Amino acid sequence: MSWGIYTMVHCLHILVFVEIKIAEIQIPEIWETEEEKKLTIGDLKKKYLTIAKSKFIRNPPVLIFNRNKNWQIELSRRVISEWRIKSRTRERILSIQKLDVMLEYAKFLDTVEDTKNTPGIDSVSYFENKCKINGKLFKINITVKNQKLLNRNFAYYYSATEI
């Protein structure tokens, strides 16, 4: 490889690295619209459940590449279902808008054994990210279940906790 090509490739690697670091620094923001502020929590959840299903649930499943762990992570109906069941605040409901972005840039925390001994699940991995929702900082918690036999990782749980 000539010196010029080597330098160009090296510079491209640096640019990609810088782009990833900048994306990690910029905290995404979500703002509730004036129309959404008039909705009850139930109606807001219904609105975002419809949006989440249409945006994230596909056949074959939507795959998100997590940059921190270099994993393809599948978005399943289960992650939307868990979010719907456990979201009781406006901010948690609104957080689903950024599921794909939060998962792509999420920081890997840990992988542990599946303590529930769920058939087909080998381990459970935890990720986190940050997002501003209505001007407040939230930690985004993401749980991914791992199936080694199928070489599959799928998002299982997604929530927002105020920091």
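# Exercises on strands, a helix and salt bridges

Strand β5 (residues 123-133) and β6 run antiparallel and are joined by 11 bridges. Keep in mind that this is a predicted model. Have the structure open and let's work through it together.

## Exercise 1: The strands around β6

Describe how β6 pairs with β5 and β7, and find out how many of its residues are buried.

Solution.

Step 1. Start on the β5 side. E128 has N141 in β6 as its bridge partner. The hairpin of these two strands has 2 residues between them, and there N134 takes a positive phi near 50 degrees.

Step 2. Turn to β7. β6 and β7 are paired by 10 bridges, again antiparallel. For T143, the bridge partner in β7 is Y157. This hairpin has 4 residues between the strands, and N151 is the residue with a positive phi near 50 degrees.

Step 3. Now check the cover. Of the 12 residues in β6, 9 are buried, so the strand is mostly covered.

## Exercise 2: The buried side of α4

Which residues of α4 are buried, and where around the helix axis do they lie?

Solution.

Step 1. Pick out the residues under 20% relative accessible area, the cut-off for buried. In α4 these are V79, I80, E82 and W83.

Step 2. Look down the axis. The four directions span an arc of only 165 degrees, so these residues sit on the same side of α4.

Step 3. Ask what covers them. The cover includes α3 (41-56), α5, α6 (99-104) and β7 (152-162).

## Exercise 3: Three salt bridges compared

A search of the whole structure gives 8 salt bridges. For the pairs of K37, R78 and K136, work out the partner, the distance and the exposure.

Solution.

Step 1. K37 pairs with E34, with the closest N and O atoms 3.2 Å apart. The two are 3 residues apart in helix α2 (residues 34-37), which means about one helical turn separates them. K37 is partly exposed at 47% relative accessible area, while E34 reaches 52% and is exposed because the cut-off is over 50%.

Step 2. R78 pairs with E82, and here the closest N and O atoms are 3.0 Å apart. Both residues belong to helix α4 (residues 77-86), 4 residues apart, or about one turn of the helix. R78 is partly exposed with a relative accessible area of 41%, whereas E82 is buried at 6% relative accessibility.

Step 3. K136 pairs with E91, the closest N and O atoms lying 3.5 Å apart. This pair links distant parts of the chain, 45 residues apart: K136 is in strand β6 (residues 136-147) and E91 in helix α5 (residues 90-94). K136 is partly exposed at 34% relative accessible area, and E91 counts as buried at 14% relative accessibility.

Step 4. Look for shared partners. R78, E82 and K86 are joined into one network by salt bridges that share partners.

## Exercise 4: The whole protein

How many helices and strands are there, and what share of the residues is buried?

Solution.

Step 1. Count the elements: there are 6 helices and 7 strands. Read from the N terminus, their order is α-β-α-α-β-β-α-α-α-β-β-β-β.

Step 2. Check burial and surface. The protein has 163 residues, and 38% of them count as buried. Its accessible surface comes to about 10,100 Å², and carbon and sulfur atoms hold 57% of that.

Step 3. Finish with contacts. Among those with a separation of 6 or more, 57% are between residues 24 or more positions apart.

Technical notes. Residues are numbered from 1 along each chain as its sequence is written. This is a predicted model: local features need pLDDT of at least 70, side-chain atom pairs count only at pLDDT 80 or more; totals for chains, interfaces and linings use all residues. Side-chain values use heavy atoms; hydrogens and water are left out. A salt bridge is a side-chain nitrogen of Lys or Arg within 4 Å of a carboxyl oxygen of Asp or Glu. Buried means under 20% relative accessible area, exposed over 50%, partly exposed in between (1.4 Å probe, protein chains only). The arc is that of the directions from the helix axis to the C-beta atoms. Contact means heavy atoms within 4.5 Å. Accessible areas come from the Shrake-Rupley method with a 1.4 Å probe; for residues, only the protein chains shown count as cover. Two strands pair if DSSP finds at least two bridges between them.
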